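Please work through the exercises below with the sequence and the structure at hand, and try each task before reading its solution.

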Amino acid sequence: MDLPENSYEKDTNNELQDYVGIWKGTWNGKTILITLTKVTNKYDNVYKYYRDYLIGKFVVKDANGLILFDNTNLPDENAKIIGIGFRKIDDKYSFIYNDPDLCSMGGYGRFNFTDSTKTKLEWKYSEDENILDTDCFYYGWAQDQRPQPLPNNTILIKQ
């Protein structure tokens, strides 16, 4: 989208509000609780305009309830899930994930409602192939042994 500098990409239809709340999903014996929050009228330094978007913070627990990841106490400006917007091709909401605490692990994903009551989200996420330097604590680990803070595919239920 090519918007003039200092313009405002506003959620005029209040579509983002339906996503706001706590969402729960499971995968591989883990449980994730994602809190989605709407940010309004925030200046985007990259594109030089204001916009409304969603951010996500989450906690992941293993099958025994042990917390594996928790970034729920971060300030909003440091949220690790940042909304990009609705995709024109299929109207799914896109996001990026970047985790400086995990050697800048990151990727892209999307989610959308699967039911008319808007209580279930289909979640899809793909991790980027990040190049790990030797300072990374999991440098040299096999891919299946590395941290996996986000599910690749799951259904999230509104809590």
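**Exercise 1.** Decide for Cys103 and for Cys136 whether the residue is buried, partly exposed or exposed, and then describe the link between them.

*Solution.* The model is a predicted one, and the classes rest on relative accessible area, with buried meaning under 20% and exposed over 50%. Cys103 has a relative accessible area of 23%, so Cys103 falls in the partly exposed class. Cys136, in turn, has a relative accessible area of 7% and is therefore buried. As the next step, consider the sulfur atoms: a pair counts as a disulfide within 2.5 Å, and the S to S distance of Cys103 and Cys136 is 2.1 Å, so that the two are joined by a disulfide. The count by this rule comes to one disulfide. The bond joins distant parts of the chain, since Cys103 sits in the loop between strand S7 (93-99) and strand S8 (105-113), while Cys136 sits in the loop between strand S9 (120-127) and strand S10 (153-158), 33 residues apart. Finally, the angle about the S-S bond is 95 degrees, and the link of Cys103 and Cys136 is right-handed.

**Exercise 2.** Place Lys30 in the fold, classify Lys30 as buried or exposed, and list what surrounds Lys30.

*Solution.* Begin with the location, which is strand S3 (residues 30-44). The relative accessibility of Lys30 is 17%, and because buried means under 20%, Lys30 counts as buried. Beyond its neighbours within four places in sequence, Lys30 is in contact with Gly25, Val60, Lys61, Asp62, Leu68 and Gln148. With one of these, Gln148, there is a polar contact, in which a polar side-chain atom of Lys30 lies 3.4 Å from the backbone oxygen of Gln148. The C-alpha atoms of Lys30 and Asn64 are 8.9 Å from each other, although 34 residues separate the two along the chain.

**Exercise 3.** Carry out the same kind of analysis for Ser7, and find which backbone oxygen its side chain reaches.

*Solution.* Ser7 belongs to the segment before strand S1 (8-9), and at 18% relative accessibility Ser7 counts as buried. The side chain of Ser7 reaches the backbone oxygen of Pro4 at 2.7 Å. When residues up to four places away in sequence are set aside, Ser7 touches Tyr49 and Tyr50.

**Exercise 4.** Identify the residues that form a nonpolar surface patch with Ile84.

*Solution.* Ile84 lies in strand S6 (residues 81-86) and is partly exposed, with a relative accessible area of 44%. Together with Ile96 and Tyr108, Ile84 forms a nonpolar patch on the surface, and the accessible area of these residues together is about 280 Å².

Notes
Residues numbered from 1 in each chain as written. Predicted model: local features only at pLDDT ≥ 70, side-chain atom pairs only at ≥ 80, totals over all residues. Heavy atoms only, no water. Patch = residues over 30% accessible without salt bridge, like charges linked within 9 Å, V, L, I, M, F, W, Y side chains within 5 Å. Areas by Shrake-Rupley, 256 points an atom, 1.4 Å probe, with all protein chains shown as cover. Salt bridge = Lys/Arg side-chain N within 4 Å of Asp/Glu carboxyl O. Helix = DSSP H or I, 4+ residues; strand = E, 2+ residues; numbered from the N terminus. Buried < 20%, exposed > 50% of the residue type's maximum accessible area, 1.4 Å probe, protein only. Polar contact = N/O pair within 3.5 Å; in protein donor to acceptor, adjacent residues only side chain to side chain. Contact = heavy atoms within 4.5 Å.
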